[in-house]
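Colleague: I should like to learn how to read a structure of this kind. May we go through it together, feature by feature?

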Amino acid sequence: MSTYFRWIESMSVGESDIDKQHQRLLSQVNKIEDAISFGATSKEVAEALEFFDKYIQEHFSYEESYMKEHNYPYLEEHKKEHENFIKNNSLFKEALKRGLNPRELILDVETYLGQWWMKHICKVDKKYHDFISELE
Ligand SMILES: [Fe+2]
């Protein structure tokens, strides 16, 4: 697998397990970039979407309990963003079932993830990091 995107320290949210989960997401993005370069198959798209199902269960619930544990005041808003990711993943799965060309679908997935990375992980997740680090 090629490395298109690399995790750097400034992406840290100050909690090592969450950072590891974010790093796993980034390697999934790298896999998707490979699939785009070599022509994505339905199987590859399905595998990526399955990864997100697991990621949603493990990562979102971990992150939400971490915020709850620290009485983070914007937990509800944050959960709504997670819910949007879940909804989007369902839409991608439906599109795949409907037979949308996997090469087109993977480009939508790539765009969505790019925005997720920039707007959610690098901004919204950073907000709980700033809040919690001020408590410590
Ligand atoms: Fe989050």
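Modeller: Let us begin with a term: two residues are in contact if their C-beta atoms, placed from the backbone, lie within 7 Å. Please bear in mind that this is a predicted model. In this model, the elements that cover the buried residues of α2 include α1, α3 and α4.

Colleague: Which residues of α2 are buried?

Modeller: A residue counts as buried if 20 or more other C-beta atoms lie within 10 Å of its own. In α2, the buried residues are Val45, Ala48, Phe52, His59, Glu63 and Met67.

Colleague: How is the length of α2 to be read against its number of residues?

Modeller: One compares the distance between the end C-alpha atoms with the span expected at 1.5 Å a residue. For the 28 residues of α2 that span should be 40 Å, and the end C-alpha atoms are 40 Å apart, so the two agree. There is nevertheless a bend of about 35° in α2, at Tyr55.

Colleague: What follows α2?

Modeller: Asn71 follows α2, and its place is in the loop between α2 and α3. Asn71 has a positive phi of about 50° although it is not a glycine. Asn71 is exposed because its count of other C-beta atoms within 10 Å is 10, and the cut-off for exposed is 12 or fewer.

Colleague: How does α3 compare with its expected span?

Modeller: The 23 residues of α3 should span 33 Å at 1.5 Å a residue, and the 33 Å between its end C-alpha atoms agrees with this. Just after α3 comes Gly99, with a positive phi of about 95°.

Colleague: At what angle do α3 and α4 pack?

Modeller: The angle is about 170°, and the axes are 12 Å apart. Angles over 145 degrees count as roughly antiparallel, and α3 and α4 are therefore roughly antiparallel to each other. Among the residues that meet are His78, Phe85 and Phe92 in α3, and Leu105, Trp116 and Tyr128 in α4.

Colleague: What can be said of α4 itself, in length and in kink?

Modeller: Helix α4 covers residues 102-135, which is 34 residues. It reaches 46 Å from its first C-alpha to its last, close to the 50 Å expected. A kink of about 35° in α4 is centred on Lys126.

Colleague: Which residues of α4 are buried, and against what do they pack?

Modeller: The buried residues are Pro102, Leu105, Ile106, Val109, Leu113, Asp125 and Tyr128. They pack against α1 (16-38), α2 (42-69) and α3 (75-97).

Colleague: How should one read a nonpolar core?

Modeller: In soluble globular proteins, nonpolar side chains tend to be buried together. Here the largest nonpolar core has 11 residues: Ile32, Ala35, Ala40, Val45, Ala48, Phe52, Phe92, Leu105, Ile106, Val109 and Leu113. At least two residues of this core come from each of α1, α2 and α4. The most is given by α4, with four residues. To take one member, Ala40 touches Ala35, Val45, Pro102, Arg103 and Ile106, when residues up to four places away in sequence are not counted.

Colleague: Is Thr3 buried or exposed?

Modeller: Thr3, which has its place in the segment before α1, counts as exposed because it has 11 C-beta neighbours inside 10 Å. Thr3 and Asp34 are 31 residues apart in sequence, and their C-alpha atoms are 8.9 Å apart in space.

Definitions and conventions:
Residues numbered from 1 in each chain as written. Predicted model: local features only at pLDDT ≥ 70, side-chain atom pairs only at ≥ 80, totals over all residues. Expected span 1.5 Å × (residues − 1). Bend = angle between axes of the 7 residues up to and from the residue. Core = buried A, V, L, I, M, F, W, Y, C linked by C-beta atoms within 7 Å. Axes fitted to C-alpha atoms, helices over the stretch in contact; angles between N-to-C directions. Parallel < 35°, antiparallel > 145°, perpendicular 65-115°, else oblique.
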